[in-house]
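Okay, thanks for making time this morning. I'll put the structure up and then just talk through it.

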Amino acid sequence: VPVDAEGLRVDLLPDNAKLVYVTPSHQFPLGMPMSLERRLQLLDWAQRHRALIIEDDYDSEFHYAGRPTACVQGLDAHERTLYIGTFTKSLFPGLRIGYMVLPPAL
């Protein structure tokens with residue numbers, strides 16, 4: 001799915017998709033963050049299509065300018081987001097330690 005200056009083009013997601021993987025804090029590999037408006041559009045898309053979102057927040061703790069934007073999972077009132085993160089870049093570069101925050105249904 002194409003991206004632009006605001007991140008993933010939610011309007012171009014296929015209607016039959018049931019899962020989308022995103023890196024909203026720092027879109028990989030191009031680097032731009034997903035705007036708050038796009039994050040909300042993504043949540044709306046997931047709710048309408050009964051789809052799940054995997055949010056890989058691998059470097060959200062690194063901000064060089066401005067205030068951080070809320071993670072998709074934190075905005076998700078319908079519990080459609082699986083949040084994954086890591087301590088590798090911030091605390092333990094030699095250890096590959098990751099975690100997942102799942103909706104209660106999972």
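**A walk through the model**

Let me begin near the end of the chain: Pro103 counts as buried, with a relative accessibility of 8%. Keep in mind as I go that this is a predicted model. Pro103 sits in the segment after β6. So what is Pro103 in contact with, once we leave aside its neighbours within four places in sequence? Glu79, Thr81 and Leu82. For Leu82, the C-alpha atoms of the two residues are separated by 6.7 Å, with their positions 21 residues apart along the chain.

Okay, zooming out. The protein chain has two helices and six strands, and along the sequence they run β-β-β-α-β-α-β-β. There are 106 residues in the protein chain, and 36% of them count as buried. If you take contacts between residues at least 6 apart in sequence, 64% join residues at least 24 apart. As for surface, the protein chain exposes about 6,700 Å², with carbon and sulfur atoms supplying 58% of that.

Now α1, residues 36–49. This helix has 14 residues and reaches 20 Å from its first C-alpha to its last, close to the 20 Å expected at 1.5 Å a residue. Which residues of α1 are buried? Arg38, Arg39, Leu42, Leu43, Trp45, Ala46 and His49. Look down the axis of α1 and these buried residues fall within an arc of 160 degrees, so they line one face of the helix. The general background here is that an α-helix has 3.6 residues a turn, so residues three or four places apart point the same way. On the other side of α1, Glu37 and Arg48 are exposed.

What covers that buried set? The cover includes β1 (3–4), β2 (7–8), β3, β4 (52–56), α2 (72–75) and β5 (81–86). And right after α1 comes Arg50, with a positive phi, near 50 degrees.

On to the core. The largest nonpolar core has 14 residues, and the members that touch the most others are Leu8, Leu13, Val20, Val22, Leu42, Trp45 and Ile53. Both β3 (19–22) and α1 supply at least two residues of this core, and the largest share, four residues, comes from α1. Trp45 is a nice one to click on: leaving aside neighbours within four places in sequence, Trp45 is in contact with Val10, Leu13, Pro14, Ala17, Val20 and Ala51.

Next, the aromatics. How many aromatic pairs does the structure hold? One. The partners are Tyr83 and Tyr99, and the pair is tilted, at 6.3 Å centre to centre with 35 degrees between the planes. Tyr83 is in strand β5 and Tyr99 in strand β6 (residues 98–101), 16 residues apart, so the pair links distant parts of the chain. Buried or exposed, then, for Tyr83? Tyr83 counts as buried, at 11% relative accessibility, whereas Tyr99 is partly exposed, with a relative accessible area of 30%.

Last stop is His78, in the loop between α2 and β5. His78 is partly exposed because its relative accessible area, 48%, lies between the 20% and 50% cut-offs. The C-alpha atoms of His78 and Leu43 are separated by 8.4 Å, and the two residues are 35 apart along the chain. Leu43, remember, is one of the buried residues of α1.

That's my tour, so over to you.

Terms used: Residues numbered from 1 in each chain as written. Predicted model: local features only at pLDDT ≥ 70, side-chain atom pairs only at ≥ 80, totals over all residues. Heavy atoms only, no water. Core = buried A, V, L, I, M, F, W, Y, C linked by side-chain atoms within 4.5 Å. Buried < 20%, exposed > 50% of the residue type's maximum accessible area, 1.4 Å probe, protein only. Contact = heavy atoms within 4.5 Å. Expected span 1.5 Å × (residues − 1). Arc of directions from axis to C-beta. Areas by Shrake-Rupley, 256 points an atom, 1.4 Å probe, with all protein chains shown as cover. Phe/Tyr/Trp six-rings, centres within 6.5 Å; stacked < 30°, edge-to-face > 60°.
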